[in-house]
Amino acid sequence: MKRRDLERHNLERHPLERHSLDRPTLNPVLVGGMVIAMAGLLVDLRGMVSPVASGSHHEACQGTVNQQVTLSREQLAQLLTVPERDSRDRITQIAGAPYCQLQNIQVRAGVAAERQVYPLAFDPQTRLVILYEGNEYAGYRFSFQ
């Protein structure tokens, strides 16, 4: 049977279903999904997301707050050279009294960790949080507002 005869035969058997061997059909659901995906690629949603919702906040201080305390660039540079498990006294010699303390946390099982806060003098939106386990310096992190 020739191709033309085969197509005519198929049209006579199923008049509503037209399948052509030359032209593949696209699924409407697939086409709709592709259009939505392409529209999604063209729209930039980053500006619509509030930075407050995705950014971190400073944790609330516990106890007294020493408003006069800030950390200079030189003090920060010295602090970042202190190895972990050094004494708390060495950190205190460099940074002095903290701005405030945060609520204690437990980083390792069974060991309570104390956290002290030092705002940066050159970047008021950033604070250095120093972690102590007992009398040992256990690390630091930056807190961004």
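**Group meeting talk: a four-stranded sheet and one disulfide**

Let me start with strand β3, which is mostly covered: of its 11 residues, eight are buried. I will come back to what lies on either side of that strand. Before that, please keep in mind that what you see is a predicted model.

How far does the confidence go? The protein has a mean pLDDT of 83, with 76% of its residues at 70 or more. Residues 51-55 are a weak spot, with pLDDT below 50, and this stretch has one contact in the model beyond near neighbours in sequence. Where pLDDT is low, one should not read the predicted coordinates in detail. I will therefore not describe the geometry of that stretch.

Now the overall layout. The protein has five helices and four strands. Reading from the N terminus, the order is α-α-α-α-α-β-β-β-β. Of the 145 residues in the protein, 23% are buried. The accessible surface is about 11,000 Å², and carbon and sulfur atoms supply 56% of that. Among contacts with a separation of 6 or more, 48% are between residues 24 or more positions apart.

Next, the sheet. In what order do the four strands sit? The order is β1-β2-β3-β4, in an open sheet with antiparallel pairing. At the edges are β1, residues 100-108, and β4, residues 136-144, each of which pairs on one side only. From one strand to the next, the twist averages 30 degrees. As a reminder for anyone new to this, strands of a sheet pair through backbone hydrogen bonds, and the pairing is either parallel or antiparallel.

I will go through the pairs one at a time. β1 is joined to β2, residues 111-120, by five bridges, and the two run antiparallel. In that pair, C100 has V117 of β2 as its bridge partner. Then β2 and β3 pair over seven bridges, also in the antiparallel sense. Here Y118 is opposite L128 in β3. The two strands make a hairpin, with two residues between them.

On the other side, β3 is joined to β4 by eight bridges, and the two run antiparallel. I130 is opposite Y140 in β4. β3 and β4 also make a hairpin with two residues between them, and in the turn G134 has a positive phi of about 65 degrees.

One residue of β3 deserves a look, and that is D123. Is D123 buried or partly exposed? Its relative accessible area is 29%, so D123 counts as partly exposed. The C-alpha atom of D123 lies 9.7 Å from that of F144, which is 21 residues away along the chain.

Last, the disulfide. The count for this model is one, and the bond joins C61 to C100, with an S to S distance of 1.9 Å. What does the bond tie together? C61 is in the loop between α3 and α4, while C100 is in strand β1, so the pair connects parts that are 39 residues apart in sequence. The torsion about the S-S bond is about -55 degrees, which means the disulfide is left-handed.

The two cysteines can also be described by their cover. C100 is buried, because its relative accessibility is 2%. C61 has 26% relative accessibility, so it counts as partly exposed.

To sum up, the picture is an open antiparallel sheet of four strands, with a disulfide from C61 to C100. That is all from me.

Notes: Residues numbered from 1 in each chain as written. Predicted model: local features only at pLDDT ≥ 70, side-chain atom pairs only at ≥ 80, totals over all residues. Heavy atoms only, no water. pLDDT = per-residue confidence, 0-100. Contact = heavy atoms within 4.5 Å. Pairing = 2+ DSSP bridges. Axes fitted to C-alpha atoms, helices over the stretch in contact; angles between N-to-C directions. Buried < 20%, exposed > 50% of the residue type's maximum accessible area, 1.4 Å probe, protein only. Areas by Shrake-Rupley, 256 points an atom, 1.4 Å probe, with all protein chains shown as cover. Disulfide = S-S within 2.5 Å.
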